[in-house]
Amino acid sequence: MKKTLEQLTRPNVWALKPYSSARDEYKGVTASVFLDANESPYNAPLNRYPDPLQLQLKAEIAKIKGVTPEHIFLGNGSDEAIDLVFRAFCEPRKDNVVAIDPTYGMYQVCADVNDVDYRKVLLDADFQFKADDLLAAADEHTKAIFLCSPNNPTGNNLLADEIHKLLEQFDGLVIVDEAYCDFSEAPSFATQLQRYPNLIVLQTFSKAWGCAAIRLGMAFASEAIIALFNKIKYPYNVNLLTQQQALEMLRRSPEVGCWVATLKAERAYLMEEFSKLSLTKHVYPSDANFFLARVTDAVSIYNYLVSRGIIVRNRNSVSLCGNCLRITIGIRSENEALLKALREYK
């Protein structure tokens, strides 16, 4: 028997009366004189508080993502939505979450900040998981399971059948972080929201959309979960400049599609050339805009590249990633600079 959303939600959050901002109180009315929010009348449009629910932006995102605006939460990066999962559903020092290992580090950071037990389940040699192993790590106090697909730092898609199995058998929330999904051929789990009311899908403007600087993350979930997020988020969590830039990028979506196609071609080229280097032991398959490679001495090679002004990510200390570097795909000149430096490494 699946737990209801009320059973999963912290009682104080379920009963919480959210803060009502000035802009929440006159919906449906066209106004021209604003004397309600103690704003300055000067320096338009920056003098006005932004739309707290980002309705125009959500309407445009909905067209591209194939969902309705009511199923969208927008936050200050995907990290805000990750943190909201803990704040909405996990009682500190009582509840826990389960996650694959290795994976994106912010899940554990948010767990630690919110004083929630974080249980890791090691991936196999192919960087895959079995739903049964994650379910075995869960108990009656497990509120959520975190998955990242394509996974970071391994770069691979997780097995869709195992994700479906989790969604069907776990009575808590399953979070599927799809930050790198635009570089993958696998369909997004955002198409499965009607089928799985316990599903939360995370995406971002930071990767394929080339907008890491504006800090805009997306969460797709049931209307009830989105309503809970909106209840406890800070009132104006996405600023006007971010909303405006995101709208501009959505108008440029054909150009973004070209960027993605170019990066996927560069990924194939760079991975092939990287595999030929004498220092390379293994290049792992990737469905993201980066790849993981096992090398002869990750620490030494990383430090050497830093000395050459080239920065990659040393993942040597991460589970299953001993002597591994994570390489982001750049433009051809950046990729060639990396290869040239590595060919000269001794």
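Biologist: Where does Gly 155 lie?

Modeller: This is a predicted model, and in it Gly 155 sits in the loop between β4 (142–148) and α7 (160–169).

Biologist: What makes Gly 155 count as buried?

Modeller: Its relative accessible area is 0%. Buried means under 20%, so Gly 155 is called buried.

Biologist: And which residues is Gly 155 in contact with, leaving aside its neighbours within four places in sequence?

Modeller: Pro 150, Pro 285, Ser 286, Asp 287, Ala 288 and Phe 290. As for Tyr 180, 25 residues apart from Gly 155 along the chain, the C-alpha atoms of the two are separated by 8.6 Å.

Biologist: Phe 290 caught my eye. What sits over the ring of Phe 290?

Modeller: The charged end of Arg 326, 5.5 Å from the ring centre. The distance limit for that label is 6 Å. Arg 87 does likewise with Tyr 234: its charged end sits over that ring, 5.6 Å from the centre.

Biologist: Let's go to strand β4 and Lys 143. Why is Lys 143 called buried?

Modeller: Lys 143 has a relative accessible area of 7%. The cut-off is under 20%, so a lysine with that value is classed as buried.

Biologist: What does the side chain of Lys 143 reach?

Modeller: The backbone oxygen of Phe 89, at 2.6 Å. A polar contact needs the atoms within 3.5 Å, and 2.6 Å satisfies that. Not counting residues up to four places away in sequence, Lys 143 also touches several others, including Gln 7, Asp 95, Asn 96 and Leu 173.

Biologist: Now the rings. How many aromatic pairs are there?

Modeller: The count comes to 10 aromatic pairs. One of them is Tyr 49 with Tyr 236.

Biologist: Why is the pair of Tyr 49 and Tyr 236 called stacked?

Modeller: The rings are 4.6 Å apart centre to centre, with 10° between the planes. Pairing needs centres within 6.5 Å, and stacked means planes under 30 degrees apart, so the pair passes on both counts.

Biologist: Which parts does that pair tie together?

Modeller: Tyr 49 lies in the loop between α2 (11–15) and α3 (55–65), and Tyr 236 in the loop between α8 (223–232) and α9 (240–251), so the pair links parts that are 187 residues apart in sequence.

Biologist: How do you know that Tyr 49 and Tyr 236 are partly exposed?

Modeller: Partly exposed runs between the 20% and 50% cut-offs. Tyr 49 is at 41% relative accessibility, so it qualifies. Tyr 236 is at 23%, so that label fits there as well.

Biologist: Which residues form one aromatic cluster?

Modeller: Phe 86, Tyr 104, Tyr 107 and Phe 146.

Key: Residues numbered from 1 in each chain as written. Predicted model: local features only at pLDDT ≥ 70, side-chain atom pairs only at ≥ 80, totals over all residues. Heavy atoms only, no water. Helix = DSSP H or I, 4+ residues; strand = E, 2+ residues; numbered from the N terminus. Buried < 20%, exposed > 50% of the residue type's maximum accessible area, 1.4 Å probe, protein only. Contact = heavy atoms within 4.5 Å. Polar contact = N/O pair within 3.5 Å; in protein donor to acceptor, adjacent residues only side chain to side chain. Phe/Tyr/Trp six-rings, centres within 6.5 Å; stacked < 30°, edge-to-face > 60°. Lys NZ or Arg CZ within 6 Å of the ring centre and 35° of its normal.
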